[in-house]
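Thanks for making time. I have one model to go through today, and I will keep to what can be read from the coordinates.

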Amino acid sequence: MAESATTGRPTTTRRAFVTACGAAGLAAALAACGSDGDSGSEASKSSGADSGQTGGGNGMELAKTSDIPEGGGKVFKDHEVVVVQPKAGEFKAFSSVCPHMGKPLGDVSDGTINCPFHGSKFNIADGSVKHGPATKPLTAAEIKVQGDTISMA
């Protein structure tokens, strides 16, 4: 900073002021972007998306096969998994965390797994995106069907 010849107090040049404002704005923008990215990656880590498995523990019973309607499914929020039955006797599972923003999926209806937050819809047959804003499919999860019992693999 330069000192004013008449008052002896420090003065700020216009260039220094504009530079400081720009740096502060950039820092705020980077901090905001960093927090969004961090929360999404934490959600992916907690859902097991990196390992291809979902939470809930191995062998834990989720439901009876009669609990999962043909052409529909059920979201198990505590286990971060959704179990579906696309065709009679065919059971599949996917992560119940939406890949768009890491929010929990809401329900299964009309052949899609639905996110209540931004309207994304995923095909129950393969987890592919039927309606965005999500651009990535759901991560497959491992389940085991023995008799009439569905459990985590």
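I will start with the overall makeup, then take the two sheets in turn, and end with the cores.

First, a caution: this is a predicted model. The protein has 153 residues, and 30% of them count as buried. Its secondary structure comes to one helix and 12 strands. Going from the N terminus, the order of elements is β-β-α-β-β-β-β-β-β-β-β-β-β, so please keep that numbering in mind, as I will refer to strands by it. About 9,100 Å² of the protein is exposed, with carbon and sulfur atoms supplying 53% of that. As for contacts with a separation of 6 or more, 41% are between residues 24 or more positions apart.

Now the sheet I want to spend most time on. It is an open sheet of three strands in the order β4-β5-β6, and the pairing is antiparallel. Its edge strands are β4, residues 72-76, and β6, each pairing on one side only. From one strand to the next, the twist averages 20°.

Take the β4 side. Five bridges hold β4 and β5 in antiparallel pairing, and one residue pair to look at is Lys74, which stands opposite Val83 in β5. These two strands make a hairpin with four residues between them, and in that turn Glu80 has a positive phi of about 55°.

On the other side, β5, which covers residues 81-87, runs antiparallel to β6 and is joined to it by five bridges. Lys87 stands opposite Glu90 in β6, and Val81 has Ser95 as its bridge partner there. This is again a hairpin, here with two residues between the strands, and Gly89 in the turn has a positive phi of about 80°.

How much of β5 is buried? Six of its seven residues are, so β5 is largely enclosed by the rest of the structure.

Two residues of β6 deserve a word. Phe94 lies in that strand. Its relative accessibility is 4%, so Phe94 counts as buried, the cut-off being under 20%. The C-alpha atoms of Phe94 and Val82 are separated by 5.4 Å, although the two residues are 12 apart along the chain. Then there is Ser95, also found in β6, which spans residues 90-95. Is Ser95 buried or exposed? Ser95 has a relative accessible area of 3%, so it is buried. Its side chain reaches the backbone nitrogen of Val97 at 3.2 Å.

On to the second sheet. This one is open too, with four strands ordered β7-β8-β9-β10 and antiparallel pairing. At the edges are β7, residues 107-109, and β10, residues 129-131, each of which pairs on one side only. The twist here averages 35° from one strand to the next. Inside the sheet, β8, residues 112-114, and β9, residues 121-123, run antiparallel and are joined by three bridges. Across that pair, Thr112 stands opposite Asn123 in β9.

Last, the cores. The largest nonpolar core has 13 residues, and those touching the most other members are Val82, Val84, Leu105, Val108, Ile113 and Phe122. Another core lies apart from it, with 12 residues, including Leu62, Ile68, Val83 and Phe91.

That is the end of the walk-through. I am happy to go back to any part of it.

Notes. Residues are numbered from 1 along each chain as its sequence is written. This is a predicted model: local features need pLDDT of at least 70, side-chain atom pairs count only at pLDDT 80 or more; totals for chains, interfaces and linings use all residues. Side-chain values use heavy atoms; hydrogens and water are left out. Two strands pair if DSSP finds at least two bridges between them. Axes are lines fitted to C-alpha atoms, for helices over the stretch in contact, and angles run from 0 to 180 degrees between N-to-C directions. Buried means under 20% relative accessible area, exposed over 50%, partly exposed in between (1.4 Å probe, protein chains only). A polar contact is a pair of N or O atoms within 3.5 Å; within protein, one must be able to donate a hydrogen and the other to accept it, and residues adjacent in sequence count only if both atoms are side-chain atoms. Contact means heavy atoms within 4.5 Å. Accessible areas come from the Shrake-Rupley method with a 1.4 Å probe; for residues, only the protein chains shown count as cover. A nonpolar core is a set of buried Ala, Val, Leu, Ile, Met, Phe, Trp, Tyr and Cys residues joined through side-chain atoms within 4.5 Å.
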